[in-house]
Amino acid sequence: MQHVESLYIHWPFCTSKCYYCDFVALEQHADFQDAYHETLLQEIIAYGASLGVKPSIKTIFIGGGTPSLYPPEKLHELFALLHKTFDLTQTSEITLEANPADVTEDRADAWESAGINRISCGVQVLDDAVLQRLNRRQRSIDVFNAAKILPKYFSNVSMDLIIGMPGVTDATWLKTIETLCAWPIQHLSIYFLTVHEKTPLYFKVQRGDLVLPDEDALLNLYEATVAYVASKGFMQYEISNFAQPGFASQHNIGYWQRRPYKGFGIGAASFDGAQRTVNDKNLTRYLDNGKTGSFIPLELETLTPQQITMERLMLSLRQASGMPLHDMLECVGEKQKNSLIASLRDLELIGLLRIENDHVRLTLRGMILENEVVLRLI
Ligand code: SF4
């Protein structure tokens, strides 16, 4: 077991639920916020009591849900406890996810004074009709407002987008990208829309009420987007992540490098280098844990050697830095080495990866098709 290096804290409350959401997010539960906050503190205290020494933490991420709705005075209480429990003197990155509609001067000031130094702002697309159809709370004007306020308080601002939402024209998408790239922000995350089963979006697509874009057209648009943001200094360092030099998310890189982390709150995952655990997603049961002071994760997964191999490949290849060829060859047995090399050559020939200087890197198409690439390699 390795020392935990990063913390994830989950704030699950949302004012309304976006139709595409499959996160652990609760609408109409605002009455439970205080109890949840108290339980989070207890979970951290219980974990702290199990530690011999205060681990030195490199990064913290407060995700949700909508953590920009975390009452600022409670957020300060949370950080006071984190300082007591962990050594935060070397913590370089503390991120809070924010809905643009919640960004005000007062809140930004409170976040900064709590110790947060990076904001991840959920923009999705600058098209109010599309946002409304997907039950997303903010409007474009909120994003413009957030873009004015956040750089005054934070020198590390990420804006998060979703490509492929139904009803977004190429012109609107490219205008969104152009607008964001002109702002003093340091990071962009651009995710493909995923239609998760049993979400309202899924049923709307099934009924034909909403129509998804054509896949080939979407891939072309993604390639044009990557080229445009690169021309503005945002270099791709992972399938969905782009940063100005020096602003790649250290927290996320920790996940991709399989560094140990600890998660607090409902549905939060933890990893100690060998085992992954996931907290209960049920709010009532989580609050009950607070009463007994016993926080036993619901799921515990010990990875088999094959799963570790698969995970290492997936997590390495999704990054622009790729994977050293000799590391990849170590992932397979002696007998499979030749067939792995043959698969690599085939994938290189069809333009899905490049092998340069003993290093395997996926091309942009290869990254988009990463699952298929990894399946062909193993
Ligand atoms: S704001 Fe985020 S977590 Fe909340 S419903 Fe929308 S997508 Fe889900």
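Buried means under 20% relative accessible area, exposed over 50% and partly exposed in between, with a 1.4 Å probe and protein chains only. I kept that beside me while reading this predicted model, where local features need pLDDT of at least 70, side-chain atom pairs count only at pLDDT 80 or more, and totals for chains, interfaces and linings use all residues. Residues are numbered from 1 along each chain as its sequence is written, and side-chain values use heavy atoms, with hydrogens and water left out.

**Helix H2**

I looked up H2 (helices are DSSP runs of H or I, at least four residues; strands are runs of E, at least two; both are numbered from the N terminus). Which residues of H2 are buried? I found Lys74, Leu75, Leu78, Phe79, Leu81, Leu82 and Thr85. They cover an arc of only 160° around the axis (taken from the directions from the helix axis to the C-beta atoms), so they sit on the same side of H2. On the other side, Glu73 and Lys84 are exposed.

Next I checked what covers the buried residues, counting contact as heavy atoms within 4.5 Å. The cover includes strand E1 (6–11), helix H1 (33–49), strand E4 (59–64), strand E5 (93–98) and helix H3 (105–114).

**A small stop at a sheet**

I then followed an open sheet of 3 strands, in the order E15-E17-E16, with antiparallel pairing (two strands pair if DSSP finds at least two bridges between them). Its edge strands are E15 (323–324) and E16 (353–356), each pairing on one side only. E16 and E17 (residues 359–362) are joined by 4 bridges, and Arg354 has Arg361 as its bridge partner in E17.
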